[in-house]
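Biologist: Please take a close look at one part of this model, the packing of its helices. Start with a single residue and explain each term when it comes up.

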Amino acid sequence: MKILVTGATGYVGGRLVPLLLEGGHDVRTTTSDPEREMPWWAGRVETVVMDALDPAQVADACEGVDAVYYLIHGMGGDDFAETDRAAASHFASAVRTHGVGRVVYLSGLVPDAPDDELSEHITSRREVERILLDTPATVVVLRAAVLLGSGSTSFEIIRQVSERMPVHTVPTWMDSLVQPIAVVDVLAALVGALEYDGPSRHFDVCGPDTLRYGALLDTYTTHAGLARPQVHVPLLPTALVGTLVGSLTDVPRPTVEALVESLHHDMVASDEDFVELLLPAEHRLVGLSEAITRALAPRTAPPEHADPMGPMPQDPAWASGGDERPVVAKVVDAVKDVLPGS
């Protein structure tokens, strides 16, 4: 198949492209910055310059392809939802124009809650789903919550908070249930979505372990060899928590604030249909302990032979934990950020 992978230089896309190449597919990737250093597999793919907000470039990128992986996400800023809406609309138009047969979209898990209680982040993801589903293509949406793997935004938040905070202060509203999934399992489901022969639909993709967010932090610290007592605190405002965590980590603050807002609700799968319909029969889901162990292991092989759970050269610079200031300095700066007049 001729496959277009958007977001190919991102965390998931950079790990997906090699699997598609191994499967014998002809891959086209996009970049908005032709001067950017490309991943190790760049010589084996066709790369086109595309800004998702430029409808002509989107249309050109989609011409002649059988399937599109839509891995574009806005995570912060006042207009991220509007930007996501525009980008999805351009792709939907291009899919119709060029008769693209399949679209695979990696989205966020939607909690079982009224629409008016959903975060802006989740509401926007669901709007993108609806825009893409309103095309003649077979659209397969994978909804995931916490992705486990070195370089994953959600994993890096857990890692950096655990390493930098001597005590885990967990708001009572944040201690909801989560069902994290290893990135290798998400990758397997993404590849399997190419062969799915049913109607357009979404799949909740989650791992075998369900636990509260505080327990997830505890599990990480245990495997990382850290001692981090937890204190559960009521009545902490969501905005304050998002700003504090964003200040303490190297992950872009708007991204952190968007993800923190989603933790008001349980993020667990409503069904496990993806296991039967998207994964190979012999596939075994990676458990939480194994996922963390593999994510923390250093890369000892060249990227083409390395474990996708571990670090890769194309991962964002902030995933390496480059801010080495003492934790006290980080806490002081975080407090200054949220106190008026500081």
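Modeller: A281 counts as exposed because its relative accessibility is 84%, where exposed means over 50% relative accessible area, buried under 20% and partly exposed in between, with a 1.4 Å probe and protein chains only. This is a predicted model, in which local features need pLDDT of at least 70, side-chain atom pairs count only at pLDDT 80 or more, and totals for chains, interfaces and linings use all residues. Residues are numbered from 1 along each chain as its sequence is written, and side-chain values use heavy atoms, with hydrogens and water left out.

A281 sits in the loop between helix 10 (273–277) and helix 11 (288–296). Helices here are DSSP runs of H or I with at least four residues, strands are runs of E with at least two, and both are numbered from the N terminus. From the C-alpha atom of A281 to that of V167 is 43 Å, with the two positions 114 residues apart along the chain.

Now to a buried residue. I158 belongs to helix 5 and is buried, because its relative accessible area is 2%. Leaving out residues up to four places away in sequence, I158 touches V146, Y213, L216, L217 and Y220, where contact means heavy atoms within 4.5 Å. I158 and V245 are 87 residues apart along the chain, and their C-alpha atoms are separated by 9.9 Å. L248, in helix 8 (residues 238–248), is also buried, at 8% relative accessibility. Its C-alpha atom is 7.4 Å from that of R164, although the two are 84 residues apart in sequence.

Next, the neighbour of helix 5. Helix 5 (residues 153–164) packs against helix 7 (residues 213–224) at an angle of about 70 degrees, with the axes 10 Å apart. Axes are lines fitted to C-alpha atoms, for helices over the stretch in contact, and angles run from 0 to 180 degrees between N-to-C directions. The two helices are therefore roughly perpendicular, a word used for 65 to 115 degrees; under 35 is roughly parallel, over 145 roughly antiparallel, and the rest oblique. The crossing is right-handed, meaning that the near helix is turned clockwise from the far one by less than a right angle; anticlockwise would be left-handed. Helix 5 contributes F155, I158, R159, S162 and E163 to the contact, and helix 7 contributes Y213, L216, L217, Y220 and T221. By class these are six nonpolar, two polar and two charged residues. Ala, Val, Leu, Ile, Met, Phe, Trp, Tyr, Cys and Pro count as nonpolar, Asp, Glu, Lys and Arg as charged, and the others, Gly among them, as polar.

Helix 1 (residues 11–22) is largely enclosed by the rest of the structure, because ten of its twelve residues are buried. Among the elements covering those buried residues are strand 1 (2–5), strand 2 (26–31) and helix 6 (183–192). Helix 1 packs on helix 6 at about 55 degrees, with the axes 10 Å apart, so the pair is oblique. This crossing is right-handed. On helix 1 the contact involves Y11, V12, R15, L16, L19 and L20, which meet V183, L187, L190 and V191 of helix 6. These residues divide into nine nonpolar, no polar and one charged. Just after helix 1, G24 has a positive phi of about 85 degrees.
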